[in-house]
Amino acid sequence: MGLDSETLNTVTRNMKAKLSWKKIASRMGFRDHASVITMIEHKNRYSFDALYDNLHDILIEWNEQVPDKANKENMINILRNEDCNELADQLEGKSGKRRKDSSSSASKKLERTRPVKYNELSKLAGKLGHWKRFAIEHLHVPEYEIKKAEEKLVPDMNPYNPSMYVLQYWSNKNGDDATVEKMIKLLEKAKKDGYIVPQVFDEVFDEDDD
């Protein structure tokens, strides 16, 4: 079945500072597949954040080549074998500790200190009519990354969306500091400039049930 995109994004963003992507590849069974390792290294050799991209790509390869083993349970086991217990606990919490109270929907609150979720970035990407201006003025995406987005030099993004590319760049660069609160402040600045509509806030961010 493979890892869902939110889990993949969470693992890559939170694991990159703690664990070598080649150790992950070995745990996934790519120890004897030097061609896969070489291909990923070559593809990301000019990347601004090669560590993130290498981790992301090896997870994609795992999903595609062994989908029967590429699941959350095995990912958690890999993380625990590499002493990444905090991230393993986070993944287990996502699958087992979410509870919905249908009788108290009014009590739901938007937790602004948490990182922006992958699905929220995806929804926001669909509403950024002036993505380039937002990327330059508010996300501070460097010019060469803007050029990469404009020229569609992102082969793994299907369907291709330059808005999503720059939003993911911001998220990956800032890691756990890419919070809902910070994104809302950036959107508020853009709203004052007249190119972000107010209802974006309500339509993008998920309320938390915890």
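## Salt bridges and helix packing in an all-helical predicted model

In this predicted model, the side chains of lysine 132 and glutamate 150 meet in a salt bridge, with 2.7 Å from N to O. Because lysine 132 lies in helix H8 (residues 131–139) and glutamate 150 in helix H9 (residues 143–150), the pair ties together parts that are 18 residues apart in sequence. Neither end is described as buried: lysine 132 counts as partly exposed at 36% relative accessibility, and glutamate 150 counts as partly exposed at 41%. The pairing also appears as a polar contact of 2.7 Å between the side chains of glutamate 150 and lysine 132. Looking onward along the chain from glutamate 150, its C-alpha atom is separated by 9.6 Å from that of asparagine 161, which is 11 residues away in sequence.

### The chain as a whole

The chain has 12 helices and zero strands, and its pattern, read along the sequence, is α-α-α-α-α-α-α-α-α-α-α-α. Of its 210 residues, 43% count as buried. Among contacts between residues at least 6 apart in sequence, 68% join residues at least 24 apart. The chain exposes about 12000 Å², and carbon and sulfur atoms supply 46% of that area.

### Salt bridges

Side chains of opposite charge can pair when their charged atoms come close. The count in this model comes to nine salt bridges, and three of the pairs are set out below.

| Pair | N to O distance | Burial of the two residues |
|---|---|---|
| Arginine 80 and aspartate 89 | 2.6 Å | Partly exposed, 28% for arginine 80; partly exposed, 42% for aspartate 89 |
| Glutamate 120 and arginine 114 | 2.7 Å | Both buried |
| Lysine 132 and glutamate 150 | 2.7 Å | Partly exposed, 36% for lysine 132; partly exposed, 41% for glutamate 150 |

The pair of arginine 80 and aspartate 89 belongs to a wider arrangement, since Arg80, Asp89 and Glu92 are linked in a network of salt bridges. In the pair formed by glutamate 120 and arginine 114, by contrast, both residues are buried, whereas arginine 80 has a relative accessible area of 28% and is partly exposed.

### Helix H9 and the loop before it

Between H8 and H9 lies a loop, and histidine 140 has its place there. Most residues other than glycine have a negative phi. Phi of histidine 140 is nevertheless near 55°, a positive value in a residue other than glycine. This residue counts as exposed, at 55% relative accessibility.

After the loop comes H9 itself, the helix in which glutamate 150 is found. The buried residues of H9 are Glu145, Ile146 and Ala149. They cover an arc of only 105° around the axis, which puts them on the same side of H9. What covers these buried residues includes H8 and H10, and H8 is also the helix that holds lysine 132, the partner of glutamate 150.

### Helix H11 and threonine 179

Helix H11 (residues 180–192) has 13 residues, which at 1.5 Å a residue should span 18 Å, and its end C-alpha atoms are 18 Å apart, in agreement with that figure. Its buried residues are Val180, Met183, Ile184, Leu186, Leu187 and Ala190. Seen down the axis of H11, these buried residues fall within an arc of 160°, so they line one face of the helix. An α-helix has 3.6 residues a turn, so residues three or four places apart point the same way.

Threonine 179 is found in the loop between helix H10 (162–174) and H11. With a relative accessible area of 9%, threonine 179 is buried. Leaving aside neighbours within four places in sequence, threonine 179 is in contact with Arg112, Thr113, Arg114, Pro115, Val116 and Trp170. One of these contacts, Arg114, is also the salt-bridge partner of glutamate 120.

### Helix H4

Helix H4 (residues 50–65) contains 16 residues, for which a span of 22 Å is expected at 1.5 Å a residue, and the end C-alpha atoms are indeed 22 Å apart. The buried residues of H4 are Tyr52, Asn54, Leu55, His56, Asp57, Ile58, Leu59, Glu61, Trp62 and Asn63.

Key. Residues are numbered from 1 along each chain as its sequence is written. This is a predicted model: local features need pLDDT of at least 70, side-chain atom pairs count only at pLDDT 80 or more; totals for chains, interfaces and linings use all residues. Side-chain values use heavy atoms; hydrogens and water are left out. A salt bridge is a side-chain nitrogen of Lys or Arg within 4 Å of a carboxyl oxygen of Asp or Glu. Buried means under 20% relative accessible area, exposed over 50%, partly exposed in between (1.4 Å probe, protein chains only). Helices (H or I, at least four residues) and strands (E, at least two) are DSSP runs, numbered from the N terminus. Contact means heavy atoms within 4.5 Å. Accessible areas come from the Shrake-Rupley method with a 1.4 Å probe; for residues, only the protein chains shown count as cover. The expected span of a helix is 1.5 Å times one less than its number of residues. A polar contact is a pair of N or O atoms within 3.5 Å; within protein, one must be able to donate a hydrogen and the other to accept it, and residues adjacent in sequence count only if both atoms are side-chain atoms. The arc is that of the directions from the helix axis to the C-beta atoms.
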